[in-house]
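Welcome, and please open your viewer. We will go from one selection to the next and look at what is there.

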Amino acid sequence: MDVRILKTQHGRIIRLASALGGTAAIMKTSDDAIRARELMRALNTALTEHLAIEDGELYPVLMRSQDHSVRNLAQHYVEDMGALSGVWAHYFEEWSQARILRDRERFASVTKGLIGALAHRVAREEDTLYPTMEAADALAVVPKRDGRPTS
C-alpha cells in the first residue's frame, strides 16, 4: 500500500486542527463559534476519510504480516485509534455552536488537549507505522522463484 495518500491526509488534518485550535483560543463572537463548527465538520470529514483507508487497507495488510511484532504494532494502533476516535466523537457531539459560546474557555482548553492528542498520533504514525508499512511493501515486491527470494 502506498502511504503517500495517508501522509497527504495528515497534512490536511494538521492544518484543520491547527485552524480549529487557533479559532478556539480567540473565541469571542458567534461568528467565531460558527467558524469553529465549520472547522470541526471539515476535520471530522478528513478524519473519517483517513480512518476508512487505514481500517480498510493499511491495518489488514499489517495484520497479515508473518512478523509477529508487525501484527502487534498494528493491533496496538487499531486499539489506540479506537480510543481517540471515541474521544473525538464525544467532542464533536458535545460542542455545539451554542455550547461553545456558553463555555468558551472550556472549549479552548478541551480543543487544545484534543488537538495535541491528534498531533501526537499523526507524528507516531509518520515515525513508526508508515515506515513499517513501507518496509512490508518492499518485502512484498521482491520477485520470488519457488518460494524463495531471487537475487
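Start by selecting A46, which is buried, with a relative accessible area of 6%; buried means under 20% relative accessible area, exposed over 50%, and partly exposed in between (1.4 Å probe, protein chains only). You will find A46 in helix α2. Helices (H or I, at least four residues) and strands (E, at least two) are DSSP runs, numbered from the N terminus. Now show what surrounds A46: not counting residues up to four places away in sequence, A46 touches R12, I13 and L16, where contact means heavy atoms within 4.5 Å. For a distance to try yourself, pick the C-alpha atoms of A46 and A19, which are 14 Å apart in space and 27 residues apart in sequence.

A word on what is on your screen. This is a predicted model, with residues numbered from 1 along each chain as its sequence is written. Local features need pLDDT of at least 70, side-chain atom pairs count only at pLDDT 80 or more, totals for chains, interfaces and linings use all residues, and side-chain values use heavy atoms, with hydrogens and water left out.

**Zoom out to the whole chain**

Colour by secondary structure next. The protein chain has five helices and two strands, and along the sequence they come in the pattern α-α-α-α-α-β-β. Turn the C-alpha trace along its principal axes, and it spans about 70 × 25 × 20 Å. The radius of gyration, taken over C-alpha atoms, is 19 Å for this chain, while a compact globule of 151 residues would have one near 15 Å. The globule rule behind that comparison is 2.2 Å times the number of residues to the power 0.38. Of the 151 residues, 34% are buried. Among contacts between residues at least 6 apart in sequence, 75% join residues at least 24 apart.

**Into the largest nonpolar core**

Which residues touch the most other members of the largest nonpolar core? Select L20, M40, L43, W88, Y91, I100 and F107 to see them, out of 25 residues in that core. A nonpolar core here is a set of buried Ala, Val, Leu, Ile, Met, Phe, Trp, Tyr and Cys residues joined through side-chain atoms within 4.5 Å. Helices α1 (4–25), α2 (30–63), α3 (68–94) and α5 (104–140) each supply at least two residues of this core. The largest share, eight residues, comes from α2.

Stay here and centre on Y91. Leaving aside neighbours within four places in sequence, Y91 is in contact with L20, M40, F107, V110, T111 and L114.

From there, step to T111, which lies in helix α5. T111 counts as buried because its relative accessibility is 1%. With neighbours within four places in sequence left out, T111 is in contact with L20, G21, A24 and Y91. For a longer view, draw a line from T111 to H76: the two are 25 Å apart, C-alpha to C-alpha, and 35 residues apart in sequence.

**A second core**

Another core lies apart from the largest one; it has 14 residues, among them L6, Y59, L62 and Y77. Select L6, in helix α1. Is L6 buried or exposed? At 0% relative accessibility, L6 counts as buried. Beyond neighbours within four places in sequence, L6 is in contact with M1, H50, I53, E54, L58 and Y130. The C-alpha atoms of L6 and E49 are separated by 9.6 Å, although these residues are 43 apart along the chain.

**Last stop: the outside**

Finish with R102, found in helix α4 (residues 97–102). R102 is exposed, with a relative accessible area of 64%. Its C-alpha atom is separated by 41 Å from that of L58, and the two residues are 44 apart along the chain.
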